[in-house]
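Colleague: Please pick one part of this model and look at it closely, then work outward to its surroundings. Give the cut-offs as you go.

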Amino acid sequence: MNIQKYLALVKTVEYGSFTKAAEALNYSQSGISRMINDLEVEWKISLLERGRSGVRLTSEGLKILPYAKSVCSEYQKLQTQIEELHGLQSGFIRIGTFSSVATHWLPNIIKAFQKDYPNVDYELLLGDYTEIENWILEGRVDCGFLRLPTHPKLETVFLDQDKLLVILPKNHPLADCERFPVNALSEDPFMLLEKGAKAEISEIFERYHVEPKVQFTTWDDYAIMSMVENGLGISILPELILKRIPYQIVAKELEVPAYRRIGLAMRDKESASLAVKRFLDYLPYRSIPEKTDLEGQCERQ
């Protein structure tokens with residue numbers, strides 16, 4: 001039971017909130033508060049200062065926290081060793097991902113994984129690169145798919161290089177061009193796939209000194225495709241999301257090819273649960289060859 005109390009303290013400090021720590025550990029807010037209060041009574045010290053803006057460590061708490069983290073880490077290693085001795089009979093994997101990976105990679109990976117480990121459960125959190133990176137650092141997810149490079153504290157596995165393509169309405173004047181000119185990106189209204197921090201598309205504009213007429217910004221790939229189909233502008237999207245789409249649009253390579261590098265990241269592979277370690281072995285199943293009829297959906301000319 002003390003381990004749960006230590007975890008409650010560590011997570012509350014990580015999130016700066018009893019509520020968020022309770023969500024992460026599947027406890028009630030009052031349960032988290034009570035466990036930390038129990039530690040304070042047992043140790044006869046004050047660990048946290050409670051305020052309207054959240055919670056923060058006291059000076060005594062600052063000294064105690066590294067030891068509590070160490071206990072939790074060693075406990076996780078113990079659990080992993082026990083799992084390895086018994087074999088992976090059950091488990092739970094929390095994965096941070098963005099839409100194209102969730103749509104086109106994860107179903108193949110999980111399908112193959114479940115054949116061998118049918119009793120493992122999953123939680124998928126969809127977000128942008130910055131959100132997923134923070135979820136991994138905070139321990140909200142066990143691992144996450146990200147654009148590389150990412151935060152230096154994270155361990156990463158490179159998976160693939162995903163081409164970035166210009167998407168156009170079918171009746172666009174450049175729909176028949178061999179490669180789309182970079183300078184032409186500033187001639188039409190632009191639908192920008194971005195949320196929060198700058199993504200790879202804004203980096204293309206900066207690299208080639210292009211000033212697009214951004215009229216719409218979102219992290220929803222499909223909303224952008226629908227708007228382009230309706231002639232509201234053009235955009236740049238990763239090739240991965242353009243598989244099996246229901247939109248009448250044209251996809252073109254840029255005259256100077258652009259890519260994003262996708263990888264899987266985690267805080268520490270060594271201390272990851274057995275379920276996560278086994279999950280890594282199934283990443284090659286992400287790209288199972290499949291017959292995809294793009295005619296009438298997304299034309300590449």
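Modeller: The buried residues of helix 6 pack against strand 3, helix 5 (99-104), strand 4 (120-126), strand 5 (143-148) and helix 10. Those residues are L106, N108, I109, I110, A112 and F113, within a helix that runs over residues 106-116. Buried here means under 20% relative accessible area, exposed means over 50%, and partly exposed is in between (1.4 Å probe, protein chains only). Contact means heavy atoms within 4.5 Å. Helices (H or I, at least four residues) and strands (E, at least two) are DSSP runs, numbered from the N terminus.

The model is predicted, so local features need pLDDT of at least 70 and side-chain atom pairs count only at pLDDT 80 or more, while totals for chains, interfaces and linings use all residues. Numbering starts from 1 along each chain as its sequence is written, and side-chain values use heavy atoms, with hydrogens and water left out.

As for the whole, the protein chain has ten helices and eleven strands. Its C-alpha trace spans about 75 × 45 × 30 Å along the principal axes. Of the 301 residues in the protein chain, 46% are buried. Among contacts with a separation of 6 or more, 74% are between residues 24 or more positions apart.

Two of the partners of helix 6, strand 3 and helix 10, also belong to the lining of the largest pocket. Strand 3 (91-97) and helix 10 (274-280) each supply at least two residues there, as do helix 1 (2-15), helix 2 (18-25), helix 4 (59-86) and helix 7 (129-138). Helix 4 gives the largest share, seven residues. The lining comprises 34 residues, and K11, Q76, R94, D142 and R267 lie nearest the centre of the pocket. Its residues divide into 14 nonpolar, nine polar and eleven charged. In this count Ala, Val, Leu, Ile, Met, Phe, Trp, Tyr, Cys and Pro are nonpolar, Asp, Glu, Lys and Arg are charged, and the others, Gly among them, are polar. The largest pocket holds about 1,400 Å³ of space.

The search for empty space also gives one cavity of 30 Å³ or more in the whole structure. About 70 Å³ lies in this largest cavity, and its lining is F98, S99, S100, Y129, L193, E200, W219, D221, P238, I241 and R260. By class that makes six nonpolar, two polar and three charged residues. On a 1 Å grid over the protein atoms alone, a cavity is a set of points where a 1.4 Å probe fits but cannot get out; a pocket is an open set with protein on both sides within 12 Å along at least five of seven lines, and lining residues have an atom within 4 Å of a point. Points are joined across faces, edges and corners, and a volume is the space filled by probe spheres set on them.

Helix 4 also holds Q79, which is partly exposed because its relative accessible area is 30%. Q79 and L274 are 195 residues apart in sequence, yet their C-alpha atoms are 8.9 Å apart in space.

Helix 1 and helix 2, which also contribute to the pocket lining, each pack against helix 3. The axes of helix 2 and helix 3 (residues 29-43) come within 8 Å and cross at roughly 100 degrees, which makes the pair roughly perpendicular. F18, T19, A21, A22 and L25 of helix 2 meet Q29, I32, S33 and I36 of helix 3. That contact has six nonpolar, three polar and no charged residues. For helix 1 and helix 3, the axes come within 9 Å and cross at roughly 110 degrees, so these two are also roughly perpendicular. N2, Q4, K5, Y6, A8, L9 and T12 in helix 1 meet I32, M35, I36, D38, L39, E42 and W43 in helix 3, a contact of eight nonpolar, three polar and three charged residues. Axes are lines fitted to C-alpha atoms, for helices over the stretch in contact, with angles from 0 to 180 degrees between N-to-C directions. Under 35 degrees counts as roughly parallel, over 145 as roughly antiparallel, 65 to 115 as roughly perpendicular and the rest as oblique.

Finally, some backbone details. A cis peptide bond, with omega about 0 degrees, joins L148 and P149; P149 is in the loop between strand 5 and strand 6 (155-169). K44, not a glycine, has a positive phi of about 60 degrees. K44 lies in the loop between helix 3 and strand 1 (48-51) and is exposed at 72% relative accessibility.
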